[in-house]
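New to this one? Take a moment to turn the model around on your screen, then read on for a short tour.

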Amino acid sequence: MGTQTEVEENPRKGGLRTMPFIIVNESFERVASYGLQPNMIIYLMTFYHMSAATGAIIVGIWSAVSNGLAIVGAFVSDSYLGRFRAVAFGSISTLIGMIILWLTAMIPQLKSSLCSQFQHACNGTTALQLAVLFSSFGFMSLGTGFVRPCSIIFGADQLDKKENPENQRLIDSYFNWYYASTGISTILAVSIIVYIQDRYGWQVGFGIPVILMFLSVSMLLMGSPLYTKVKAKESLFLGLLQVVVAAFRKRKTNLPSTDCDNYYHWPLESELLAPSNDFRCLNRACVIQDPQRDLNPDGSASNPWNLCSLGQVESLKALFRVLPMWSTGFMIFVAMNQFSFSVLQTRTMDRHIFPQLKVPAASFSVFLVIALTVWIIFYDRLLVPLLSKYTGQPRGLTPVIRMGIGLIVSCMSMALSAITESIRRQRAIEEGHEDDPSALVNMSAMWFVPQYALLGVAEAAHVVGQIEFFYSLLPKSMSSIASAMYTLGNAVSGLIGSVLVRGVDWLSSTGGKMSWLSSNINRGHLDFYFWLLTFLSLLNFFYFLVVCRFYENDGSSRLSLEAAEKQCDYRLLPES
């Protein structure tokens with residue numbers, strides 16, 4: 001990600017023959033990993049006697065750590081291991097975590113005995129049992145953090161032959177096939193794997209991902225002699241950190257007034273004559289205090305932690321400029337992380353599409369994936385040609401407008417979730433199921449499809465718009481940061497969602513009252529919680545409008561102009 005690298009010079013390495021190994025590795029890893037998450041809250045509540053709120057918090061933190069470690073994985077890959085070693089290490093770590101999780105289902109001593117109800121009158125879970133469970137999550141998070149940011153670019157390395165006239169076409173074709181396999185893998189994970197867990201139990205349901213992950217690791221390692229392996233040299237993240245350290249070390253240095261010769265330019269940065277005026281404290285990082293001490297004979301910095309180039313400083317400033325807009329995307333991901341509660345709802349409803357076809361409770365997120373895919377195709381192939389004629393934008397609508405549409409649709413999805421849950425809860429009480437959260441309510445679970453579909457459209461509109469927005473404001477050398485910011489935003493949102501769940505559970509249960517997020521959803525008030533998310537999402541939309549006005553007043557948005565002049569590299573879009 002933004003690295004300067006060396007490649008093993010061997011014309012016999014790489015090429016199309018390596019693609020089966022890489023795509024199978026990533027596809028099997030994704031099917032195995034994504035297949036474990038949807039039903040996890042049921043497993044935690046059943047065998048570890050966690051409340052619904054605690055289970056949702058654990059799943060949220062697991063997701064947040066997995067996304068956060070992707071930044072660490074990218075940095076370690078860029079700076080130390082190289083992409084092949086990073087993907088291999090991550091795949092093996094994921095396999096170890098899945099084996100440990102499978103063992104918790106196989107060995108009775110590693111989990112508590114079954115409980116007749118979701119809470120009360122159950123044997124407590126021991127510290128050892130929780131340690132084993134959390135260690136499995138830890139290994140899988142570590143593996144995900146190394147595989148996801150490196151796998152796609154590792155595949156591109158195999159086809160990147162500059163002397164080949166078909167080079168760009170091959171790479172574009174690879175990314176198309178890669179994302180196609182990613183979509184298929186996700187659908188298989190939330191449907192087939194979840195169905196196996198529901199139909200054949202946890203031992204088989206956790207065992208299948210172990211087998212798939214073993215095949216994933218085996219395929220990756222089998223292709224090792226064929227790969228082009230890029231050796232890491234320097235990470236863009238490290239360069240940005242050097243700016244912060246250098247600016248802090250020289251915090252008492254006076255800034256030069258106009259003399260551009262006092263600023264360090266290396267390599268040649270003809271476009272930048274002097275640093276910009278915003279975040280002026282960072283300008284000290286590129287001030288040359290003593291040329292003989294600060295510069296080598298070849299003109300390079302003698303100590304990059306004390307003197308950075310003007311380009312590095314401006315790159316960090318560009319990153320700071322997009323942070324306000326980046327923060328407006330947190331709430332949409334907080335809303336998407338509420339699937340754990342949706343599983344508790346749909347499992348109490350009639351999930352038949354046809355008399356012989358019953359959708360697993362945890363598989364309803366497949367409707368989100370389908371809606372997301374359909375919207376992207378519909379917008380790209382039909383709406384863009386029509387809208388571009390009227391707006392003058394090559395992508396139909398500006399990135400900011402699409403982000404705003406995504407936030408509004410997300411609000412609509414949360415409001416619909418609240419209304420649907422209110423109807424479901426009222427029917428459960430009318431049918432006498434108030435004290436039986438596992439009882440089947442006479443109501444079709446297909447009521448949940450519209451809210452999943454809306455959330456899929458919201459993600460498609462917002463995420464693609466956000467990536468294009470970042471791409472329009474960040475220097476070309478920082479293009480891959482756009483995807484990294486999406487991943488980090490997911491991590492932050494997971495933590496925010498976990499804190500929100502904990503706070504709502506605690507506040508709503510004060511004074512001995514029934515928590516909104518009670519494990520008995522018929523006595524709790526999930527509808528109130530969804531209304532709270534609707535309100536917060538609406539507040540976030542107004543915050544988004546304020547941020548947009550900030551960019552307009554600041555004069556740094558360049559939204560229409562930049563989006564029109566720079567074509568977003570869609571291979572940088574997040575894999576999810």
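How many aromatic pairs does a search of the whole structure find? The count is 23. Keep in mind as we go that this is a predicted model.

Let's pick out one of those pairs. A pair of aromatic rings is described by the distance of the centres and the angle of the planes. For Phe89 and Phe146, the ring centres sit 4.9 Å apart and the planes meet at 70°, so this pair is edge-to-face; the cut-off for that label is an angle over 60 degrees. Phe89 belongs to helix α4 (residues 83-106) and Phe146 to helix α5 (residues 127-159), so the pair ties together parts that are 57 residues apart in sequence.

There is also an aromatic cluster to look for: Tyr43, Phe47, Tyr48, Trp202 and Phe206 form it together.

How covered are the two rings' residues, and what about a couple of cysteines? Here they are side by side, where buried means under 20% relative accessible area.

| Residue | Relative accessible area | Status |
|---|---|---|
| Phe89 | 36% | partly exposed |
| Phe146 | 6% | buried |
| Cys281 | 46% | partly exposed |
| Cys411 | 8% | buried |

While we're on cysteines: the structure holds zero disulfides.

Now step back to the protein chain as a whole. It has 18 helices and four strands. Of its 576 residues, 55% are buried. The accessible surface adds up to about 25700 Å², and carbon and sulfur atoms account for 64% of that. What about contacts along the chain? Taking those with a separation of 6 or more, 82% are between residues 24 or more positions apart.

One helix deserves a visit of its own: α10, which covers residues 310-327. Is α10 enclosed or open to the outside? Of its 18 residues, 14 are buried, so the rest of the structure largely encloses this helix.

The length of α10 can be checked too. At 1.5 Å a residue, its 18 residues should span 26 Å, and the C-alpha atoms at its ends are 27 Å apart, so the two values agree. Where does α10 kink? Look at Arg321, where there is a kink of about 25°. The proline Pro324 follows shortly after that point.

How values were computed:
Residues are numbered from 1 along each chain as its sequence is written. This is a predicted model: local features need pLDDT of at least 70, side-chain atom pairs count only at pLDDT 80 or more; totals for chains, interfaces and linings use all residues. Side-chain values use heavy atoms; hydrogens and water are left out. Helices (H or I, at least four residues) and strands (E, at least two) are DSSP runs, numbered from the N terminus. The expected span of a helix is 1.5 Å times one less than its number of residues. The bend at a residue is the angle between axes fitted to the seven residues ending there and the seven starting there. Buried means under 20% relative accessible area, exposed over 50%, partly exposed in between (1.4 Å probe, protein chains only). Contact means heavy atoms within 4.5 Å. Accessible areas come from the Shrake-Rupley method with a 1.4 Å probe; for residues, only the protein chains shown count as cover. A disulfide is a pair of cysteine sulfur atoms within 2.5 Å. Rings of Phe, Tyr and Trp (its six-membered ring) pair if their centres lie within 6.5 Å; planes under 30 degrees apart count as stacked, over 60 as edge-to-face and the rest as tilted.
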